[in-house]
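Trainee: Could you take me through one part of this protein slowly, strand by strand and ring by ring? I'd like to see how the sheet and the aromatic residues around it fit together.

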Amino acid sequence: MSDPTSAAPPEAPLRTESFRKERPSIVGPEIPEAPYPIRLSGTIQRGFGRGGRDLGCHTANLPDDALEPITSVAKTGIYYGFAKVYEDHEGTEEKGTFAPEDLIVLPMVMSLGWNPYYKNEKLTAEVHIMHKFPTDFYGHFLDVLVLGYIRPELDYTSRDALIEDIQTDIRVAHTSLARPAYDELRSVLSTKPQPKSS
């Protein structure tokens, strides 16, 4: 099977003013439909460091081998759902110190793609958990439940336009996840997934 994370990035459309003005405040049906929910999990990897530094939006990068459940059924773009960070830690990164409220199921938005504004050459899944963590979480285990699609991956003429869309994505995700059929799916992440058999 070919590795989608190493394929050539597709041409992304440029974000237009009409797209910005016409963005809905809520997305997806009242009840999640196939292929959702999609569950992804793995040890958080160190990414490009741009989320917090450039965009004010810290992200957790999933490892390449965690992406097959979504790359096999969905296109690149921005998604919403829930995520949970575990204290379980591996690797050489410094272990984080968390409070109980950091280790609950939290809303998230996820970018799946090549981030055309930054001209990435590799497909990544970058998860922004809507919560202020007191520490980095590299090397910790992350469990993600993707429940819907927000918008396609776009290119931008300015960083400010990208930041504006990210903030809109966060608002749309919050509103979309507040519906009862979505909120009750938090419970799916109440137990840690079993390791994949080799």
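Mentor: Let's start with the whole chain, then go to the sheet, and then to the aromatic residues on and around it. Keep in mind throughout that this is a predicted model.

First, the overall picture. The chain has five helices and six strands, and along the sequence they run α-β-α-β-α-β-β-β-β-α-α. Of its 198 residues, 48% count as buried. If you take the contacts between residues at least 6 apart in sequence, 81% of them join residues at least 24 apart. The chain exposes about 10400 Å², with carbon and sulfur atoms supplying 52% of that area.

Now the sheet. Its six strands make an open sheet with antiparallel pairing, and the order across it is S1-S6-S3-S4-S5-S2. Strand S1 (38-43) and strand S2 (60-61) are the edge strands, each pairing on one side only. Helix H4 (residues 159-177) packs on this sheet and touches strand S3 (77-89), strand S4 (106-113), strand S5 (124-129) and S6. The direction of H4 makes about 130 degrees with that of S4.

Let's zoom in on the S1-S6-S3 end. S1 and strand S6 (residues 140-151) run antiparallel to each other, paired over six bridges. You can follow the match residue by residue: Ile-38 has Val-146 as its bridge partner in S6, Gly-42 stands opposite Leu-142, and Thr-43 has Phe-141 as its partner. With S3, S6 pairs over nine bridges, again in the antiparallel sense. There, Val-85 stands opposite Leu-142. So Leu-142 has Gly-42 across from it in S1 and Val-85 across from it in S3.

How enclosed are these strands? Five of the six residues of S1 are buried, so this edge strand is largely enclosed by the rest of the structure. For S6 the count is eleven of twelve, so that strand is largely enclosed too.

On to the rings. The structure holds six aromatic pairs. One of them joins Tyr-86 and Phe-141, with the ring centres 5.8 Å apart and the planes at 70 degrees, an edge-to-face arrangement. Tyr-86 belongs to strand S3 and Phe-141 to strand S6, so this pair ties together parts that are 55 residues apart in sequence. Are the two residues buried or exposed? The cut-off for buried is under 20% relative accessible area. Tyr-86 has 12%, so it counts as buried, and Phe-141 has 15%, so it does as well.

The rings of Phe-133 and Phe-137 make another edge-to-face pair, with centres 5.0 Å apart and planes at 80 degrees. Both Phe-133 and Phe-137 are buried.

Now go back to Tyr-86 and Phe-141, and look for Lys-192. The charged end of Lys-192 sits over the ring of Phe-141, 4.4 Å from its centre. That charged end also sits over the ring of Tyr-86, at 5.7 Å from the centre. Remember that Phe-141 is also the bridge partner of Thr-43, which links this little group back to the pairing of S1 with S6.

The last stop is the stretch leading into S1. Tyr-36 lies in the loop between helix H1 (17-21) and S1. Together with Tyr-79 and Tyr-149, Tyr-36 forms one aromatic cluster. Leaving out residues up to four places away in sequence, Tyr-36 touches Tyr-79, Val-146, Leu-147, Gly-148 and Tyr-149. Its C-alpha atom is 6.6 Å from that of Gly-148, although the two residues are 112 apart along the chain. Tyr-36 has a relative accessibility of 17%, so it counts as buried by the cut-off we used above.

The backbone here deserves a look too. Most peptide bonds are trans. In this loop, however, the bond from Ala-34 to Pro-35 is cis, with omega near 15 degrees. Tyr-36 and Pro-37 are also joined by a cis peptide bond, with omega about 0 degrees. Pro-35 sits in the loop between H1 and S1, and Pro-37 is found in that loop as well.

How values were computed
Residues are numbered from 1 along each chain as its sequence is written. This is a predicted model: local features need pLDDT of at least 70, side-chain atom pairs count only at pLDDT 80 or more; totals for chains, interfaces and linings use all residues. Side-chain values use heavy atoms; hydrogens and water are left out. Two strands pair if DSSP finds at least two bridges between them. Helices (H or I, at least four residues) and strands (E, at least two) are DSSP runs, numbered from the N terminus. Contact means heavy atoms within 4.5 Å. Axes are lines fitted to C-alpha atoms, for helices over the stretch in contact, and angles run from 0 to 180 degrees between N-to-C directions. Rings of Phe, Tyr and Trp (its six-membered ring) pair if their centres lie within 6.5 Å; planes under 30 degrees apart count as stacked, over 60 as edge-to-face and the rest as tilted. Buried means under 20% relative accessible area, exposed over 50%, partly exposed in between (1.4 Å probe, protein chains only). A charge sits over a ring if NZ of Lys or CZ of Arg is within 6 Å of the ring centre and within 35 degrees of the ring normal. Accessible areas come from the Shrake-Rupley method with a 1.4 Å probe; for residues, only the protein chains shown count as cover.
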